[in-house]
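Student: Please take me through one part of this model closely, and keep to what can be read from the coordinates. I would like the main pocket and the helices around it.

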Amino acid sequence: MVGRQYDCLVNPLGAVRFTFEKAVTSGTDPASLDRNDWGVADIFREFLFDKDGISQVPILTPSTVHRVQPNTLVRFRGMIQDMLGNEFYVGAYKNEGTWNTNKFTDVSQFAMDPSADMRVWERRLLYCVPVPGLNSWADSTSDEVEMQDASNELPNSPRAKKMREGESFMTEETDCGGPTVSDVDFRNKFSCLVKIYDSPESDLKLNDVFEFIGVLTIDTEVKNDKNGEHELEDELVNLPPSKVPRLHCLVHRKLSVPDMVFKSPTMEPKPHLVKEIRESLLHYLKVVLGDDELAAHFMLLHLLSKVHSRVDSFAVGKLSLNLTSFDKSSISVFGKRINNAIKTLLPFTHHMPLTVEYLNTVSLSPVKDYETNRLVSGALQCAEGSHFMIDETSLQAGVLNSNGVENTRLLKDLMEFQKVEYDFKYYKMNMDADVQILVLSEAKSNILPADLIVPFHPSSVGPLGDVDEETLNEWRWYLATLRSSPHSIETEMQKVVEDDMVAARQVDRSLGSEDFSRWLTIGRLMSLSFGETCLSHQHWQMVKEMERLRKERLQ
């Protein structure tokens, strides 16, 4: 039996060209193959997922990129920070009467005659960066596939065979005299230019987190290409291949918060299991918060919150939390404990020390730079599911300049509407966000109107102790899984809730629709925290009691 004429890992372009030749030989018109897949994706999905080949694919990082050979299969996990438009390139051309393709590469396999029969195709350009605020435990590159020395290779692996034969790791069709990845300067922030083929524009959006698997190309001479293989857009002038690697994407998959908890236990969110995890996590939060049980309960619900729908300008499901009553002594102890705990539990976290100087100088909003035709990231450009802890205790009296006033407005809009304003110079655009915001302050924040104000009343500073990895992974799985679970309120409970709200309104005329909406959100989160999808009488009573205790503290 004759084996495959290509190796998906070492020679992915061989698979591309083999399937292309097969499609053309069968009578397919090359002109019809633009934005169409001719069987390439199926081959790589089978190799990656059905045969678990993905475990062999090196992850592109600053530490591995100098060891990975061009034109081999790699993967990159990151956030789409900018969308650079489309690039035209010669996708198919005739050479000595035979059709060839340049898809998934920057350089033609053969020199092309300018008068040759050609087909110009399009591909999308995405500028991707490591996910902002990504914590080390959620970073899959910490378990990256190492590029092993020949002595450590499996004796029958393609790389080992090539080494025994005195060959490079390059593919059979690669010019070994070209630049290697080790020549690339990655001293600046590591990023990747991903070239997308055959996918609808709606599949990939700004700030989405993806894993891209494809062909790595590094060629410092691409921009001086004399054969006319493709036409680079102006955007690429400031992203030279010598600094930013190119990944020609064969397969991509969107990642959500649960996907980042890659060591999570394999289990269904059954109520009895969830209840056990809930109790241990709640105890941990209580210890972190100095035995303040009420604050721990509200913190748990805050960490489970998520925008699950939008009604007009209102983001349903958000639950921002403002812990008050901090002073210099308590913030120095509990501020660090809270920040470390959140970093341990959530994959994307940001700590923002709010001061007049910070507000006056920082760039929070992403801004379009038309000289480079690039979107310059701001501190608020982040992935869905990110958490912001804002420390307002260092904010002193001072004068805000125009930038400070604008930044204050941006933070307020993010907290109230879950939207981030993007500045395109000639116009501004609000982009939907889904982030959790925790504010630590001395008194109720006048800048950031949180959904919940909870005075912080610690009674001790006990040791946190060591938490084993299995327990941590259970907590991470719990938070990531339950926040995305469905929830509903049955007709009977809906009537109970409405009656309680009417009664509360008769006692306190200051209660409005926002208060009632907050109660419903807390009720939903309380049920989810127990792994249940419907609000029960018991959990609704718990919500009412927590609200009563919170109001007592506010008086």
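Tutor: What follows starts with the whole chain, goes on to the pocket and its helices, and ends with some single residues.

The model is predicted. The chain has 13 helices and 18 strands. Of its 555 residues, 52% count as buried. Taking contacts between residues at least 6 apart in sequence, 79% join residues at least 24 apart.

Now the pocket. The largest pocket has a volume of about 720 Å³, and 25 residues line it. Those that lie nearest its centre are Ala-450, Asp-451, Glu-514, Asp-515 and Arg-518. Several elements give two or more residues to the lining: the strands β9 (314–316) and β18 (452–455), and the helices α9 (402–417), α12 (513–529) and α13 (537–554). The largest share, 5 residues, comes from α12. By residue type, the lining divides into 10 charged, 9 nonpolar and 6 polar residues.

Helix α12 deserves its own description. The end C-alpha atoms of α12 are 24 Å apart, which agrees with the 24 Å that its 17 residues should span at 1.5 Å a residue. The helix is mostly covered, with 13 of its 17 residues buried. After α12 comes Gly-531, which has a positive phi, near 80°.

Another contributor to the pocket lining is α13, and Lys-544 lies in that helix. Is Lys-544 buried, partly exposed or exposed? Lys-544 is partly exposed, because its relative accessible area is 33%, which falls between the cut-offs of 20% for buried and 50% for exposed. The C-alpha atom of Lys-544 is separated by 9.6 Å from that of Ile-522, and the two residues are 22 apart along the chain. The number of Ile-522 falls within the range 513–529 given for α12, so this distance relates a residue of α13 to one of α12.

Helix α12 also takes part in covering α10. Helix α10 runs over residues 469–482 and has 14 residues. From its first C-alpha to its last, α10 reaches 20 Å, close to the 20 Å expected at 1.5 Å a residue. It is mostly covered: 10 of the 14 residues are buried. Among the buried residues of α10 are Trp-475, Trp-477 and Tyr-478, together with Leu-472, Leu-479 and Leu-482. The buried set also includes Thr-471, Asn-473, Arg-476 and Ala-480. What covers them includes, besides α12, the helices α4 (257–260), α5 (271–288), α6 (293–304) and α7 (328–345). At the N-terminal end, Asp-468 caps α10, with a side-chain oxygen 3.2 Å from the backbone nitrogen of Glu-470.

One of the helices that cover α10 is α7, and Ser-332 is found in α7. Ser-332 counts as exposed because its relative accessibility is 51%, and the cut-off for exposed is over 50%. A polar atom of the Ser-332 side chain lies 2.6 Å from the backbone oxygen of Ser-329. Ser-325 has its place in the loop between β10 (321–324) and α7. Phi of Ser-325 is positive, near 75°. Most residues other than glycine have a negative phi. Ser-325 is partly exposed, with a relative accessible area of 36%.

Asn-71 also has a positive phi, near 65°, and is a residue other than glycine. Asn-71 sits in the loop between α2 (40–50) and β1 (73–95). At 16% relative accessibility, Asn-71 counts as buried.

A further serine is Ser-365, in the loop between α8 (356–361) and β12 (367–369). Ser-365 counts as buried because its relative accessibility is 11%, and the cut-off for buried is under 20%. Leaving out residues up to four places away in sequence, Ser-365 touches Gly-378, Leu-410, Glu-421, Tyr-422 and Asp-423. With Glu-421 there is a polar contact: the backbone oxygen of Glu-421 lies 2.4 Å from a polar atom of the Ser-365 side chain.

Technical notes:
Residues are numbered from 1 along each chain as its sequence is written. This is a predicted model: local features need pLDDT of at least 70, side-chain atom pairs count only at pLDDT 80 or more; totals for chains, interfaces and linings use all residues. Side-chain values use heavy atoms; hydrogens and water are left out. On a 1 Å grid over the protein atoms alone, a cavity is a set of points where a 1.4 Å probe fits but cannot get out, and a pocket is an open set with protein on both sides within 12 Å along at least five of seven lines; lining residues have an atom within 4 Å of a point. Grid points are joined across faces, edges and corners, and a volume is the space filled by probe spheres set on the points. Helices (H or I, at least four residues) and strands (E, at least two) are DSSP runs, numbered from the N terminus. Ala, Val, Leu, Ile, Met, Phe, Trp, Tyr, Cys and Pro count as nonpolar, Asp, Glu, Lys and Arg as charged, and the others, Gly among them, as polar. The expected span of a helix is 1.5 Å times one less than its number of residues. Buried means under 20% relative accessible area, exposed over 50%, partly exposed in between (1.4 Å probe, protein chains only). Contact means heavy atoms within 4.5 Å. A polar contact is a pair of N or O atoms within 3.5 Å; within protein, one must be able to donate a hydrogen and the other to accept it, and residues adjacent in sequence count only if both atoms are side-chain atoms.
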